[in-house]
Amino acid sequence: MVAHRVADRRVLRLIERWLKAGVLESGIWFATETGTPQGSGISPLLANCFLHYIFDLWIQHLRRRTRGQIIVCRYADDLVLGFERKDEAERLLAALKVRFAKFGLSLHEGKTRLVEFGRFAAQRRTAAGKRRPETFDFLGFTHYCSATRSGKFMVKRKTQAIRLTRKLKALREEMRRRWHASRPQQHAWLCQVLRGHYQYYGVIFNSRSLYAFYEGVKRAWFQALGRQSQKADMTWQRFHRLLEIFPLPKPTIHQAWHSVKV
């Protein structure tokens, strides 16, 4: 598939050797018969090349043969497909499984599902005696149906709950490894973590999740500082005085309103 666009045989040989180089585990070499080396720089590039021919071109061909509108969004191996007609969604899902199987791929059964979503989902589900519209997760966000103050339909996003919990757990574990670092060093690291989190998750209507992460980081630092002293003399009052000296950046929304489609 790479050879469709790359004619230089030296580049193709280099990629081939990379795929056949094998892996080292505990000093022991193992041959690799399929797949790309996990964690290497070439893996996401080759995965995108592979899925371009397996999925992107295939779905574009099918879009011209459907009656309803189809929206396609792919980031690496994560896919979200939007359909105007339910029958076409069911038909394409079955065809997609067959298509992937031809190339040794499969859909994640735990993540692949059909959900009723969109502008009229709430009305239809209410008429059918069902609860509010379902949500779906994509790229760390939970997407859900909502409306603006003027009543216009809008897709809103919030931090995926499991991602938030997992990240706070990883932060507490990393904090244990940094117990013996000085407070200025701990503060600088936590500020870096918070700013990076805000840069990605700082979207409109996600303030509650941002503040939940902010409070979780504060609590993790307070607990770490309490364990540093055998006397356990770190109280919340002293901790808040410490925050006046070493303030943690508060949640910031980085998404501009003009980038939001209503």
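Trainee: Which elements do the buried residues of helix 2 pack against?

Mentor: Good place to start, and keep in mind that this is a predicted model. The buried residues of helix 2 pack against helix 1 (9-20), strand 3 (70-75), strand 4 (78-83) and helix 3 (86-102).

Trainee: Which residues of helix 2 are the buried ones?

Mentor: Begin with the general idea. An α-helix has 3.6 residues a turn, so residues three or four places apart point the same way. Now look at the case here: the buried residues of helix 2 are Ile 42, Ser 43, Leu 46, Leu 51, Ile 54, Phe 55, Asp 56, Trp 58, Ile 59 and Leu 62.

Trainee: Ser 43 caught my eye. Why does Ser 43 count as buried?

Mentor: Buried means under 20% relative accessible area. Ser 43 has 10% relative accessibility, so Ser 43 counts as buried. This residue lies in helix 2. Leaving aside residues up to four places away in sequence, Ser 43 touches Thr 36, Pro 37 and Gln 38.

Trainee: How far apart are the end C-alpha atoms of helix 2, and what span should its residues give?

Mentor: The expected value comes from a rise of 1.5 Å a residue, and the 22 residues of helix 2 (residues 42-63) should span 32 Å. The end C-alpha atoms are 30 Å apart, which agrees.

Trainee: Where is the kink in helix 2 centred?

Mentor: Look at His 52. The kink in helix 2 is centred there and amounts to about 45 degrees.

Trainee: Let's turn to the strands. What is the order of the strands in the open sheet?

Mentor: A general point helps when you look at side chains. In a regular strand the side chains alternate between the two faces of the sheet. In this model, an open sheet of 3 strands has the order 5-6-7, with antiparallel pairing. Strand 5 and strand 7 stand at the edges and each has a single partner strand, so one side of each is left without a neighbour in the sheet. On average, neighbouring strands of this sheet are turned by 40 degrees against each other, direction ignored.

Trainee: How many bridges pair strand 5 with strand 6?

Mentor: Strand 5 (residues 136-138) and strand 6 (residues 141-147) pair over 3 bridges, in the antiparallel sense. To find the register, look at Asp 137, which stands opposite Thr 142 in strand 6. The hairpin of these two strands has 2 residues between them, and Leu 139 in this hairpin takes a positive phi near 55 degrees.

Trainee: And how many bridges pair strand 6 with strand 7?

Mentor: That antiparallel pairing, with strand 7 (residues 153-159), runs over 7 bridges. You can follow the register from two places: His 143 stands opposite Arg 157 in strand 7, and Cys 145 has Val 155 of strand 7 as its bridge partner. Between strand 6 and strand 7 the hairpin has 5 residues, and Gly 151 takes a positive phi near 95 degrees.

Trainee: Now the charged side chains. How many salt bridges does the structure hold?

Mentor: The structure holds 10 salt bridges. One of them joins Arg 67 and Asp 87, whose closest N and O atoms are 3.8 Å apart. This pair links distant parts of the chain, with Arg 67 in the loop between helix 2 and strand 3 and Asp 87 in helix 3, 20 residues apart.

Trainee: Are Arg 67 and Asp 87 buried or exposed?

Mentor: Arg 67 counts as exposed, at 65% relative accessibility. Asp 87, at 31%, counts as partly exposed.

Trainee: Which residue forms a salt bridge with Arg 85?

Mentor: Glu 88 does, and the closest N and O atoms of the two are 4.0 Å apart. Arg 85 counts as partly exposed at 29% relative accessibility, while Glu 88 counts as buried at 3%. Glu 88 has its place in helix 3. Its contacts, not counting residues up to four places away in sequence, are Thr 66, Arg 67, Gly 68 and Phe 83.

Trainee: Which residue does Glu 174 pair with in a salt bridge?

Mentor: Glu 174 pairs with Arg 178, the closest N and O atoms being 2.9 Å apart. Glu 174 is partly exposed, with a relative accessible area of 22%, and Arg 178 is also partly exposed, at 29% relative accessibility.

Trainee: Which residues are joined into one network by salt bridges that share partners?

Mentor: Those are Arg 67, Arg 85, Asp 87 and Glu 88.

Note on methods:
Residues numbered from 1 in each chain as written. Predicted model: local features only at pLDDT ≥ 70, side-chain atom pairs only at ≥ 80, totals over all residues. Heavy atoms only, no water. Helix = DSSP H or I, 4+ residues; strand = E, 2+ residues; numbered from the N terminus. Expected span 1.5 Å × (residues − 1). Bend = angle between axes of the 7 residues up to and from the residue. Buried < 20%, exposed > 50% of the residue type's maximum accessible area, 1.4 Å probe, protein only. Contact = heavy atoms within 4.5 Å. Pairing = 2+ DSSP bridges. Axes fitted to C-alpha atoms, helices over the stretch in contact; angles between N-to-C directions.
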